[in-house]
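Reader: I have just opened this entry and would be glad of a guided tour. Could you take my questions one at a time?

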Amino acid sequence: MAATLPRKALISISCYHGVIYPDGTKTGLFYTEALHPFEVLTQAGFEVDLASETGTYGLDDLSLTDRFLAGDDKAVYENANHPFNVKLTSQLKKAADLEPDQYGLFFGSAGHAALYDYPTARGLQAAAANVWQRGGIVAAVCHGPVLLPGVIDVATGESIIDGKTVTGFTVEGEVVLKVLDKLASDGVALVVDAVTKAGADYSSPMQPFDDYSITGGRLVTGANPASARSAAQRALKAFDALA
């Protein structure tokens, strides 16, 4: 099967950019949650596109702090000419303009922003469903799995996560970041609630920020920013194992 699927991946990006943190800073794309999959996949010979529902994005301020952006990652961020930054700032696609048949792998990056736009991101969901229907790999990390309830398996009429075990950002993590009350007041569904409502079994890491990712056939999920690279590596392994 892998031989017939394009060695081309789509990384989805949240288009939401709004204040969420107690200090008044904004959520948006959690930078490394898209950068790390981009690095894993391009290094493995994939062509990679980035797309959001509207073709726009903003960065999550927390993702740019020293706690989450350091070393090689920070060097990439500060290099405007790095291929990832060029893709993000000048070549970001709008979901409605995608040609989903071009892709053999879909990866949902995130940030808390995903809670606000992914559940109704019909264009991105359709692209992921297209990849799934053709036998490709669908993956998501952190808050990205809230996209998956709306990714429908045409064979069953249910979400592709129905009956599967998935992970994603924990309620404990929301408490640590002091955003649980804000999310509740905004009426957005937490990852665990969204995926269990769609029929999935939710599996949590031991600690909220531990590297933790799960492979379930052609479905891969990761729990948090530390899991973006391992989830991408799992997605790559699953793609290369298709026969």
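**Helix 9 and beyond**

Author: Gladly, and we can begin at helix 9. The cover over its buried residues includes helix 1 (31-43), strand 6, strand 7, strand 12 (213-216) and strand 13. Please keep in mind that this is a predicted model.

Reader: Which residues of helix 9 are buried?

Author: Buried here means under 20% relative accessible area. In helix 9 that description fits Ala-228, Ser-230, Ala-231, Ala-232, Ala-235, Leu-236, Ala-238 and Phe-239.

Reader: How far apart are the end C-alpha atoms of helix 9?

Author: Helix 9 runs over residues 228-240, which is 13 residues. At 1.5 Å a residue it should therefore span 18 Å, and the model agrees, with its end C-alpha atoms apart by 18 Å.

Reader: Strand 13 was part of that cover. Is Val-220 buried or exposed?

Author: Val-220 has its place in strand 13. Its relative accessibility is 0%, and the cut-off for buried is under 20%. Val-220 therefore counts as buried.

Reader: Which residues is Val-220 in contact with, leaving aside its neighbours within four places in sequence?

Author: Some of these partners, Ala-231 and Ala-235 among them, are also buried residues of helix 9. The full set for Val-220 is Val-138, Ala-139, Ala-140, Ile-214, Thr-215, Ala-231, Arg-234 and Ala-235.

Reader: What covers the buried residues of helix 5?

Author: Helix 5 covers residues 122-133, and its buried residues include Leu-124, Ala-128 and Trp-132. The cover over the buried residues includes strand 1 (8-13), strand 4 (47-52), strand 6 (105-108), strand 7 (137-141), strand 8 (152-153) and strand 13 (219-222).

Reader: Which residue just after helix 5 takes a positive phi?

Author: Helix 5 ends at residue 133. Just after it, a phi of about 90 degrees is found at Gly-135.

Reader: Stepping back, what is the radius of gyration of the protein?

Author: The protein holds 9 helices and 13 strands, and its C-alpha trace spans about 50 × 40 × 35 Å along the principal axes. With 243 residues, a compact globule would have a radius of gyration near 18 Å, which agrees with the value for the protein, 16 Å.

Reader: What share of the contacts with a separation of 6 or more is between residues 24 or more positions apart?

Author: Contact here means heavy atoms within 4.5 Å. Among contacts in the protein with a separation of 6 or more, residues 24 or more positions apart account for 77%.

Notes:
Residues numbered from 1 in each chain as written. Predicted model: local features only at pLDDT ≥ 70, side-chain atom pairs only at ≥ 80, totals over all residues. Heavy atoms only, no water. Helix = DSSP H or I, 4+ residues; strand = E, 2+ residues; numbered from the N terminus. Rg over C-alpha atoms; globule rule 2.2 N^0.38 Å. Expected span 1.5 Å × (residues − 1). Buried < 20%, exposed > 50% of the residue type's maximum accessible area, 1.4 Å probe, protein only.
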